[in-house]
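Thanks for making time this morning. I would like to walk you through a few local details of one model, and please hold on to your questions until the end.

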Amino acid sequence: MEPILSVRNLSTWFYMEEGVVKAVNDVNFDLHENEVVGIVGETGSGKSVTVRSIMRLIHKPGKIVSGKIIYRGRGKEEDILSLPDDEMTKIRGKEISMVFQDPLTSLNPLYTIGDQLMETIIQHQNVDRKTAWEIGVEMLKKVQIPEAEKRMMAYPFEFSGGMRQRAVIAIALSCNPKVLIADEPTTALDVTIQAQILDLMRDLQKEFKTGMLFITHDLGVIASMADRIIVMYGGRQMEVASAEDIFYNPLHPYTHMLLRAIPRLDKKQDKLEAIPGQPPRMIEVPDVCPFAPRCPRRLDKCSKELPELAEMEPGHYVRCFNPVVESEKSEAITNE
Amino acid sequence: MNEPIIKVQNLKKYFPITKGFMIKKHVGDVKAVDDISFEVYRKETFALVGESGCGKTTAARTMLRLIDPTEGKIEILGQDISNYNRTQLLPFRRKMQIVFQNPIGSLNPRMTIGQILTEPLLFHKIVETKQEAYDKAIELLRMVGLKPYHMDRYPHQFSGGQKQRIAIARALSVDPEILFLDEPTSALDVSVQAQIINLFLKFQEELNLTYIFISHDLSLVRFISNKVAVMYLGRIVEIGDVDEVFENPVHPYTKALLSASPIPDPKIEKQRKRIILTGGVPSPIARPSGCFFHPRCPFKTEKCEKEYPKMYKISENHQVSCYLVEKEGV
């Protein structure tokens, strides 16, 4: 089956006074219907800019410098990046919607939850206010907000953080989009509330068969959500594979080290293996492997050339000249 | 067994709620910390965990005497400091230091790293001259993995992880015995978090430090601490050795917290049974009757709605405040 969304050679740069920040470089991936693709990475790795580029939410000094974003949800292939603005408005919120990290800033404090829900519904579905109200109530029930009719008239400040995020999810799903982008949707929430929201998102994603792009820096969260995972570092994809391969068979040194740097709840560990050095500064970086300065497996050519994102195993893509090989992994396990 | 280095007894911190403009009427209290007791021994890492608003940070700040306790005793190194005044507290300020969550907010942007590190040395008269202070500051920078040439730079020239290293160097400059770590890595990326955590472990070993570690990240707590106290709405609901509490949690809230914490392993994540709690944490102004957790508790009984459960001892190093212990006789 054709993927619903294909991102091809996407690069988004920011033209700052200090120089060009190459936030996203040459990103490629596909998202299918009813699939969850996770993007993990640290601050500045380009994960948010990637999805904002898909929604065309990049403003000056940022610019999408190259690439195509093919959307196939409307019965034909369309390049989102070359659509006129009014067409894009029809796609945003209807075909592709987005849930942001902080629900307090993504809701307008001056309008009731009902108004904000109905605005999206009326904009995209060609219904009167009464029907929109009914759809709105139905959506609030779907995201398990109690006393939905009453809550339609409440303002965002009257909701707790978890409830706000539920309302934002209700708005995002109100027009039954084919693609849902969730940018760190639970980072601002407490862990018991995070568990509720993740549970809800999993259920709704299955029910609506939405293709979901899920962005997080938390490897635990991504393990519970994603079918496939993109690991980003320094504005580039370092490894793309199924969730199982990323966690049990990581080939890129960065992924490998990242997994050993995080503490685990279910195990007693003696030490964490820290990754030395700092995340890269993004200004005027040369086209070499961004992880090279911190990489223990660095070869001479790593800081001279950029490795290709190559398919090393079926469906398992790695950008590295010197990937972690099988024998070293088993050695690492016996050491533990 | 040696004497505890920190002994907290029935510590309470209430923030009054007032009404009225000229004549303020006391209409209630936010009971941020409500009757907590525990002991910490030398070289231990004691973790306070819980969700936002559970009182973990207020507890730490009260113990540091950054805010005054409403009631209760805080014994540090054998002395009750809960009623000490500024001058009496001065020697204890040296013994107890804190590393905050946000290194950007805790370093003065107008001071160079050199000034930041030498100020406490000169203030507490740990060194005699500026030159000695300068030398000691360079040594501190080396200890936390920075270079001498960083001395003349300003905080904004550093990354988040480096700023946190500077904050640690400053805390260590006065040779403290107890370090309060208030979410010291939650503003940092995972790859940098591990560096900072390893630094804490190294210093604990080398300098015999005692840590009070405040965090909402249970995986990190499991890794770094020996003892853990789980707080809910100002009270400790479960306390004990970290392995025992995490492997055999008794309080339903502890169980829920543990099952809600994600594990970076897709197979485990798919098979895990989760306890999904309904609703959110109630307001600390209008706490529920009886056990504060009963409105969200899947095992609540009639008794839970009426009376707050006392602390039951499960083993030498594990206590829990829940009626389930009585019923099941764990």
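**Loops and cysteines**

Let me begin with Ile23(B), which sits in the loop between β1 (6-19) and β2 (25-40) of chain B, where helices (H or I, at least four residues) and strands (E, at least two) are DSSP runs, numbered from the N terminus. Before going further, I should say that this is a predicted model, in which local features need pLDDT of at least 70 and side-chain atom pairs count only at pLDDT 80 or more, while totals for chains, interfaces and linings use all residues. Residues are numbered from 1 along each chain as its sequence is written, chains are lettered from A and ligands numbered from 1 in the order in which they are written, and side-chain values use heavy atoms, with hydrogens and water left out.

Is Ile23(B) buried or exposed? Ile23(B) counts as exposed because its relative accessibility is 71%, given that buried means under 20% relative accessible area, exposed over 50%, and partly exposed in between (1.4 Å probe, protein chains only).

A second loop, between β7 (178-182) and α7 (190-207) of chain B, holds Thr185(B), and this residue counts as buried because its relative accessibility is 3%. Its side chain is joined to that of Gln193(B) by a polar contact of 3.3 Å, the term being used for a pair of N or O atoms within 3.5 Å; within protein, one must be able to donate a hydrogen and the other to accept it, and residues adjacent in sequence count only if both atoms are side-chain atoms. Leaving aside residues up to four places away in sequence, Thr185(B) touches Gln193(B), Ile196(B), Ile197(B) and Leu220(B), with contact meaning heavy atoms within 4.5 Å.

The third loop, between α9 (242-247) and α10 (252-260) of chain B, contains His251(B), which counts as buried because its relative accessibility is 1%. A polar atom of the His251(B) side chain lies 3.3 Å from the backbone oxygen of Ser321(B). The C-alpha atoms of His251(B) and Gln319(B) are separated by 9.6 Å, although these residues are 68 apart along the chain.

Finally, the cysteines: how many disulfides are there over all chains? The count is zero, a disulfide being a pair of cysteine sulfur atoms within 2.5 Å. Cys54(B) counts as buried because its relative accessibility is 3%, and its sulfur is 15 Å from the closest cysteine sulfur, in Cys291(B), which is too far for a bond.
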